[in-house]
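Open the structure in your viewer and keep the sequence panel beside it. Each stop below says what to select and what is there.

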Amino acid sequence: MSLPQARRIALAAQGFGVERPSGPISARHVQKVIDTVGVLQIDSVNVLSRSHYLPVFSRLGDYPRPLLEKAANTAPRRMVEYWAHEASFIAPETHRLLRWRMDRAAHEAWGGMQRIARDRAELLDQVLEVIDRHGPLTAAAAEKIVGDGTPRERTGEWGWNWSDVKRAIEFQFWAGRITSAGRTQQFERRYALPGRVLPQAVTAAADPDPEDARRELVRIASRAMGVATERCLRDYFRLKPAQSQAAVRDLVEAGELLPVTVDGWGRQAYLHPGARVPRRITARALLSPFDSLVWERPRTEVLWDFRLRLEIYTPAAKREFGYYVLPFLLGEQLVGRVDLKADRAPGGGGRLLVKAAYSEPGVPAPAVLGELTDELRLMARWLELDDVVAEPKGDLGPALAQVFRR
């Protein structure tokens with residue numbers, strides 16, 4: 001198939017092949033997005049919005065954010081948290097498919113958690129008992145109840161300032177013995193036993209065979225990506241190469257993945273048999289850098305010739321495009337990128353700040369400007385911000401600054 005065909009298949013598989021709802025947006029619309037993408041990646045950065053809210057906005061427009069919060073925080077929960085593609089919201093049924101990963105916590109959890117499991121097994125039991133008795137609880141609340149005086153460690157690994165209690169809780173979360181009953185306003189997990197969060201049909205179901213589970217995870221990834229290489233399918237749920245390769249081989253033999261050649265791709269690609277091949281895509285969306293459409297960076301480059309890097313941890317003077325940069329999708333192309341920040345006022349309202357805005361090489365700026373202006377206004381309304389203010393940085397910045405001064 002041609003590269004444009006592959007691009008349209010990928011966009012349609014991710015929910016960009018249909019128009020946004022024209023009327024009120026309901027929980028049914030939100031559920032459709034969750035079912036379509038399969039995974040909403042979570043990230044703590046809140047310079048604009050928590051990342052898991054953004055993919056739903058990209059596909060639906062100005063939707064009520066409480067609809068997504070209800071899906072994660074109230075029964076019957078439509079999505080729960082676990083380590084899928086990094087920290088993620090997934091369907092409860094998908095949580096069950098990851099039990100083989102939970103069983104490997106002692107070998108695959110980060111070093112600090114492994115140390116707790118090895119050296120302080122009594123603390124694992126203690127935090128489980130506390131969460132059973134008092135949950136849902138944040139880790140900070142559990143620390144107060146446990147009363148463990150272990151100082152927070154400063155190590156080179158992620159989670160460097162965790163106490164031993166926090167490490168024990170996170171190990172149990174990885175192992176599936178506790179789960180998240182939602183997040184606080186400060187974005188802290190509220191831990192509880194799985195039986196108090198997951199649907200009874202999920203908790204009561206037998207553990208699936210690990211190979212069957214991994215085949216199903218690849219099925220979900222294939223449906224959500226439309227066309228992808230084995231490496232792309234592997235990345236969706238962060239499988240290991242041997243695990244993904246075996247699953248892909250089995251699904252090809254069963255006719256559930258179709259080997260295809262895509263012009264310009266240097267690797268074997270696989271097409272989901274039910275993938276749509278639209279003649280055209282008319283989407284318009286600002287995309288979170290953690291959106292499942294673009295999170296596999298090599299795939300984003302071969303599909304759109306668009307190099308996307310997260311520059312949050314790059315010193316300001318060395319950033320190429322900005323701190324929190326969102327690609328801008330127009331039609332079937334990624335035509336620009338915008339560095340955005342929500343400047344929230346204490347009593348509500350505030351401003352959407354466009355720190356910089358760039359069109360892609362070869363894309364005429366006038367073709368982008370009007371559509372980007374409308375999308376920025378829509379985002380400001382969705383975020384309940386009163387105004388949009390643009391700085392004259394980037395080739396689109398001066399024109400945007402002039403538009404939003406009017």
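A cavity is a set of grid points where a 1.4 Å probe fits but cannot get out, and its lining residues have an atom within 4 Å of a point. Keep in mind throughout that this is a predicted model.

**Stop 1: the cavity**

Select Met225, Ser292, Leu293, Trp295, Glu296, Arg299 and Thr300, which line the largest cavity. The space in this cavity comes to about 30 Å³. How many cavities of 30 Å³ or more does a search of the whole structure find? The search finds one. Colour the lining of the largest cavity by class, and three residues are nonpolar, two polar and two charged.

**Stop 2: a pocket**

Go next to the second largest pocket, which holds about 630 Å³ of space. Its lining has 24 residues, and those closest to the centre are Arg50, Tyr53, Arg65, Glu69 and Gln185. Which helix gives the largest share of this lining? Select residues 65-73: this is helix H4, and six of the lining residues come from it. By class, the lining of the second largest pocket has ten nonpolar, eight polar and six charged residues.

**Stop 3: two helices that cross**

Keep H4 selected and add helix H2, residues 27-37. The axes of H2 and H4 are 9 Å apart, and the two helices pack at an angle of about 65 degrees. Their crossing is right-handed. To see the contact, show the side chains of Ala27, Val30 and Ile34 on H2, and of Leu67, Leu68 and Ala71 on H4. Are the residues in this contact nonpolar or charged? Six are nonpolar, and there are no polar and no charged residues.

**Stop 4: three backbone details**

Select Pro76, in the loop between H4 and strand E2 (80-84). The peptide bond from Ala75 to Pro76 is cis, with omega near -10 degrees.

Then select Pro136, in the loop between helix H9 (121-134) and helix H10 (139-146). Here the peptide bond from Gly135 to Pro136 is cis, with omega near 0 degrees.

Now move to Asp305, in the loop between helix H16 (297-304) and strand E10 (325-331). Asp305 is not a glycine, yet its phi is positive, at about 50 degrees.

**Stop 5: a sheet of three strands**

Colour strands E6, E8 and E7, which form an open sheet in the order E6-E8-E7 with antiparallel pairing. At the edges are E6 (227-229) and E7 (258-260), each paired on one side only. From one strand to the next, the twist averages 40 degrees. For a closer view, select E6 with E8 (residues 269-271): three bridges pair them in the antiparallel sense. Within this pair, Val227 stands opposite Leu271 in E8.

**Stop 6: a sheet of five strands**

Select E9, E10, E11, E12 and E13, an open sheet with the strands in the order E9-E10-E11-E12-E13 and with mixed pairing. Its edge strands are E9 (283-286) and E13 (387-390), each of which pairs on one side only. Neighbouring strands are turned by 30 degrees against each other on average, direction ignored.

Walk across this sheet strand by strand:

- E9 and E10 pair in the antiparallel sense over four bridges, and the bridge partner of Ala285 in E10 is Leu329.
- E10 and E11 (residues 333-344) run antiparallel and are joined by six bridges; Val325 stands opposite Asp339 in E11. The hairpin between E10 and E11 passes through one residue.
- E11 and E12 (residues 350-359) run antiparallel and are joined by nine bridges; Asp343 stands opposite Arg351 in E12. In their hairpin, five residues lie between the strands, and Gly348 takes a positive phi near 110 degrees.

While the side chains are on display, recall that in a regular strand they alternate between the two faces of the sheet.

**Stop 7: helices on the sheet**

Return to the edge pair E9 and E10, with its four bridges, and add helix H17, residues 365-382. Which strands does H17 touch? H17 packs on the sheet and touches E9, E10, E11, E12 and E13, and its direction makes about 60 degrees with that of E9. Last, add helix H18, residues 397-405, which packs on the sheet and touches E12 and E13. The direction of H18 makes about 145 degrees with that of E13.

Note on methods. Residues numbered from 1 in each chain as written. Predicted model: local features only at pLDDT ≥ 70, side-chain atom pairs only at ≥ 80, totals over all residues. Heavy atoms only, no water. 1 Å grid on protein atoms, 1.4 Å probe; cavity = no way out; pocket = protein on both sides within 12 Å on 5 of 7 lines; lining within 4 Å. Points joined across faces, edges and corners; volume = space filled by probe spheres on them. Nonpolar A, V, L, I, M, F, W, Y, C, P; charged D, E, K, R; others polar. Pairing = 2+ DSSP bridges. Axes fitted to C-alpha atoms, helices over the stretch in contact; angles between N-to-C directions. Left-handed = near helix turned anticlockwise from the far one by under 90°. Contact = heavy atoms within 4.5 Å.
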